Amino acid sequence: MYKYEEILEMREYLTLLNQWENEEKDELYKEGLFFNKDDAIFEIEEEKESDFEIDQQFIAMRRIPEKHKFIALETGFLFFNSQGRLSIISLTFLNREKSRLYIRKITTKEREEEFKDKIIEKLVEFDRRFWTKSFDTMGTKELQGFIALSEGIPVAAESSPAKYAQDTKIIWEKELGNKKFIELEQDQLILTLKKHKEGVNGVDLYGNDIVAGSPNIVNLRINENIIDEESDTEVKYFAKIAGALFFNNNGLTLEPELIIKGSLDHHFGDIEFSRKIIIKGEIEEGISVKGGDEIEVEGIVSNNVKITCNKNLFAKHGITGHETIIKVNGNLITKFIQESNIKAGGSVEVEEFIYEAKIFAGGNIRVKGEHLKADNKGCVIGGEIAAFHNVDIHSVGTTMNMTHILCGVDPSLSNKIVQLRNYLNSLRRKKISIQNNLNFNVENKDVLEILKRMTPHQKESLKEKLLEIKNITQLYTNYSEKLIELEKKYINPKIEDLSITIHNQIIPDVKIQMGKEHLEIKKPDKGKKYIIRSDNIVIKTLS
């Protein structure tokens, strides 16, 4: 098998086979230009772009990890055709001159004398001329003798074909493509390795040796989480556990967790994995991560990163960027949060500070304020933090921005509640308008007499309006029930058990909301606890 660069070096010679202006082209008789069907011709690195196209009728491309391999679909000689595509000259498409190439390559196990009579008949029949149609009626062995006799070349007493070496083949059960890893289930078949075959040299019509070549051998290395089952011709590899499979340098590594050993960047790409994800570096800008279990990030989470996590997220060096969106079903624990949009089903715990971020936690929010040196700003600065349960923070506020703290409410439901109320009001107004245009009071004691005096057209019009009122009434009832459910979810029913605790400085302006109650802090303060009693916010001083 050749390298791509070697094919380029031979391009001039391979093109001569198509141009064929004279009979003496010894440079074309180079060893290795002949390929059997299914032989590997050459391979090219995945990231390289080829300078030429291939003739897909005769050559196929196969993807292997980090490379593209090109396979012969016909037995014949390699050449560049008139369209400049790399192709194979098939046996049935040779003319008189080009057929000479086969004299040096095609051999037979049996003596050519057995075919002399047939060959002579063919020579008479075709008057020693070579035509494409004549090849269709002749076997390979007949053709060898036919070519040899017509050219006056002595035929070897005995010749034998070479059994060309066959490379190791890797057949993936699930295409790797451009992915850096594959997620596998337990006992899933990973790939099948077809074993290589050593070649056996042959003898051509002149008695010269035909070199069968050496196979390209691949020996896969596997770790303890992969099982191999070997037969005489192949080895099958199975996943012993569920996890992430990596393939590199002829090695298979399967781990129960997806571990990215450096930073997650665009070279690796977005990732989606149903189990635990560990990223040893940072998550660079523009990357998306979806995890079905916990996610650990040892570096920083950059701007414009999208993270979805079914369990807990540990971002050890912080989260930044106004375009960063994080949704976590469990808890979020991090060093700091700056300008990001975060929603956690559980609690949010921040070691240092929150700056101009929008955060909602279905559990508690705690900001420790570690390493905070200045007294003129808090560890929660600007933005909005909302917890469905308790808020416990070191300090809050700045003279530059308004800071919002919400406790015992889910602000994401606020807009939905407002929209529902507006819709119910529009239904109410519509119903009243129709009733006012009826000119008919259904509660009138003479209603039956009035109906008798109506024309059929008036009765039909009345019927349509009454039906519309009925439908509106039903809609109003349905959406009123939805509004009640949303209002229940909007405010924590245990609101009087909750609190907002600010241990140190409170720097205005700060707005506090607990349930439906609001409080705006306009003056500097320190060490306060806010609770709800009898639908009012009560302030207590911390000791």
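This short talk walks through a predicted model of one protein chain, from the overall picture to a sheet, its surrounding spaces and two buried residues.

Let me begin with the chain as a whole. If you follow it from end to end, you will pass nine helices and 41 strands, and of its 543 residues, 44% are buried. The accessible surface adds up to about 29800 Å², and carbon and sulfur atoms account for 46% of that area. When we take the contacts between residues at least 6 apart in sequence, we find that 48% of them join residues at least 24 apart, and I will come back to one pair of residues that are far apart in the sequence but not in space.

Now please turn to one sheet. It is an open sheet of four strands, and its order is 1-3-5-4, with mixed pairing. Which strands form the edges? Strand 1, residues 2–3, and strand 4 are the edge strands, and each of them pairs on one side only. Strand 5 has partners that we can describe in some detail, since five bridges join it to strand 3 in the antiparallel sense, while six bridges, again antiparallel, join it to strand 4. A good residue on which to rest your eye is K69 in strand 5, which stands opposite E43 and is also the bridge partner of R62. Strand 5 is mostly covered, with five of its six residues buried.

Let us follow the turn that connects strand 4 to strand 5. These two strands form a hairpin with two residues between them, and within this hairpin E66 takes a positive phi near 70°. Another bridge in this pair of strands is the one between I64 and K67, the latter in strand 5.

This brings us to the enclosed spaces. How many cavities of 30 Å³ or more does a search of the whole structure find? The search finds two, and the largest cavity has a volume of about 70 Å³. Its lining includes I64, E66 and K67, which we have just met at the hairpin, together with others such as E46, H68 and W172. The elements that contribute two or more residues to this lining are strand 4, residues 59–64, and strand 5, residues 67–72. By class, the lining residues are four nonpolar, two polar and five charged.

From the cavities we move to the pockets, which are open. The largest pocket has a volume of about 1300 Å³. It is lined by 47 residues, and those closest to its centre are M1, A40, K69, D167 and N216, so here K69 appears once more. Strand 8 gives the most to this lining, namely four residues, and in terms of class the lining holds 20 nonpolar, ten polar and 17 charged residues.

The second largest pocket contains about 630 Å³ of space. Of its 21 lining residues, K180, F246, F247, N248 and F268 are the closest to the centre. Strand 16, strand 17 (251–255) and strand 18 (258–260) are the elements that each give two or more residues to this lining, and the largest share, three residues, comes from strand 16. The classes here are seven nonpolar, six polar and eight charged.

Finally, I would like to look at two residues further along the chain. The residue S499 sits in the loop between helix 9, residues 456–490, and strand 37, residues 500–507. Why does S499 count as buried? It does so because its relative accessibility is 11%, and the cut-off for buried is under 20%. Setting aside residues up to four places away in sequence, S499 touches several others, including N390, C407, M514 and Y530.

The second residue, I512, belongs to strand 38, residues 510–514. I512 also counts as buried, because its relative accessibility is 2%. Here is the pair that I promised: I512 and H404 are 108 residues apart in sequence, yet from C-alpha to C-alpha they are 6.1 Å apart in space. Beyond its neighbours within four places in sequence, I512 is in contact with I405, I500, L519, Y530 and I537, among others. You may recall that Y530 was also on the list for S499, so that both S499 and I512 touch this tyrosine.

How values were computed
Residues are numbered from 1 along each chain as its sequence is written. This is a predicted model: local features need pLDDT of at least 70, side-chain atom pairs count only at pLDDT 80 or more; totals for chains, interfaces and linings use all residues. Side-chain values use heavy atoms; hydrogens and water are left out. Buried means under 20% relative accessible area, exposed over 50%, partly exposed in between (1.4 Å probe, protein chains only). Contact means heavy atoms within 4.5 Å. Accessible areas come from the Shrake-Rupley method with a 1.4 Å probe; for residues, only the protein chains shown count as cover. On a 1 Å grid over the protein atoms alone, a cavity is a set of points where a 1.4 Å probe fits but cannot get out, and a pocket is an open set with protein on both sides within 12 Å along at least five of seven lines; lining residues have an atom within 4 Å of a point. Grid points are joined across faces, edges and corners, and a volume is the space filled by probe spheres set on the points. Ala, Val, Leu, Ile, Met, Phe, Trp, Tyr, Cys and Pro count as nonpolar, Asp, Glu, Lys and Arg as charged, and the others, Gly among them, as polar. Two strands pair if DSSP finds at least two bridges between them.
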